[in-house]
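Take the sequence and the coordinates together and read them from the inside outwards. The paragraphs below explain how the parts are arranged.

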Amino acid sequence: MRSKYSLTFREVQQPITQPVTKFGGQPTWLTGPQWPISRSTEEPMQFICQIALNSDIFGKTPGRMAYLFITDDEYGMADTFAPDDEENAVVIQPGTCDMPTQPLLTGPALYKMVDDPSKNERAPLNCEFAVEVSHGEDPELMVEDEQASDSDDDWEEFPIENKIGGTPAFLQGPEFPGEGNWQLLLQIDSTSVPFYVNFGDAGVGYAFLAEDGTSGKFLWQCA
């Protein structure tokens, strides 16, 4: 079984400045700012969240915090779904980052879409969320045995939820960001979060932590 934290979001009115799990606002850096730069726009990516790498989920790992960023591409032209196209980033601190960054303290923030009566349309509004976690377990299917099944049917048994750790509930079958053993860091269902993220058509995002605990990758799948 794989330990997980199921997530409940609680919007806050004051910035969270401690090194704790949160969504939105501005990152609380542990070892200095490392703001990733989008390959297509050459601008700072949008900060999505920071995740505390608690030992009860991730064991003893050199990384203590993970930071997720995505290119905010309103036209859907950037390959934000791909783990190696430099249109998303998982920064681990302490750790390594193999893409361009800048030492920015602030940058593009997470937002939600709200009604704007003056314009009779919806408009983005910056937001920030604390999380409440509920500990649980997922069945273990990430086995390395050559006889283990990797069919799509096996993976469809998992419910789609917002969680830290556990086993990924893939929409389009198993997809990991590279060779080696990758542990699910975060799963985000774009249809059930109180903020806006563009993962295509009802997509789900998956952040992964590398086996050595010093780097991460992100990808998303859509229905």
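What follows covers the cores, the cavity, the cysteines, the backbone and the aromatic rings.

The model is predicted. Its largest nonpolar core has 31 residues. Within that core, the residues with the most contacts are F23, I48, L185, L186 and F195. A second core, separate from this one, has 11 residues, and W29, F47, A89 and M99 are included in it. As background, nonpolar side chains in soluble globular proteins tend to be buried together.

How many cavities of 30 Å³ or more does the structure hold? There is one, and the space in the largest cavity is about 30 Å³. The lining of the largest cavity consists of C49, I51, A66, Y67, L68, V90, L185, L186 and A207. Strands β4 (46–52), β5 (65–70) and β12 (182–189) are the elements that give two or more residues to this lining. The largest share, three residues, comes from β5. By type, the lining divides into nine nonpolar residues, no polar ones and no charged ones. L185 and L186 appear in this lining and are also among the residues with the most contacts inside the largest core.

C49, another residue of the lining, also enters the account of the cysteines. The count of disulfides is zero. For C97, which is in no disulfide, the nearest cysteine sulfur is that of C49, 15 Å away. C97 is partly exposed, with a relative accessible area of 27%. Why does C127 form no bond with the closest cysteine sulfur? The sulfur of C127 is 12 Å from that of C49, and this is too far for a bond, because a disulfide requires the two sulfur atoms to be within 2.5 Å. C127 itself is buried, at 6% relative accessibility.

The backbone has some features to check in the loops. The peptide bond that joins Q93 and P94 is cis, with omega at about -15 degrees. P94 is placed in the loop between β6 (88–93) and β7 (101–102). Two glutamates call for a look at phi. E42, a residue other than glycine, has a positive phi near 60 degrees, and its place is the loop between β3 (35–36) and β4. Is E42 buried or exposed? At 65% relative accessibility, E42 is exposed. E86 likewise has a positive phi near 60 degrees, and E86 lies in the loop between β5 and β6. The relative accessible area of E86 is 27%, so E86 counts as partly exposed.

The loop between β5 and β6 also holds F81, which leads to the aromatic rings. Over the whole structure, 19 aromatic pairs are found. In one of them F81 and W220 meet edge-to-face, with 5.8 Å centre to centre and 80 degrees between the planes. W220 belongs to strand β14 (residues 216–221), so the pair ties together parts that are 139 residues apart in sequence. F81 is partly exposed at 38% relative accessibility, whereas W220 is buried at 13%.

Elsewhere, W29, W35, F47, Y67 and F69 form one aromatic cluster. This cluster links back to earlier parts of the account: W29 and F47 are included in the second core, and Y67 is one of the residues that line the largest cavity.

How values were computed:
Residues numbered from 1 in each chain as written. Predicted model: local features only at pLDDT ≥ 70, side-chain atom pairs only at ≥ 80, totals over all residues. Heavy atoms only, no water. Core = buried A, V, L, I, M, F, W, Y, C linked by side-chain atoms within 4.5 Å. Buried < 20%, exposed > 50% of the residue type's maximum accessible area, 1.4 Å probe, protein only. 1 Å grid on protein atoms, 1.4 Å probe; cavity = no way out; pocket = protein on both sides within 12 Å on 5 of 7 lines; lining within 4 Å. Points joined across faces, edges and corners; volume = space filled by probe spheres on them. Helix = DSSP H or I, 4+ residues; strand = E, 2+ residues; numbered from the N terminus. Nonpolar A, V, L, I, M, F, W, Y, C, P; charged D, E, K, R; others polar. Phe/Tyr/Trp six-rings, centres within 6.5 Å; stacked < 30°, edge-to-face > 60°.
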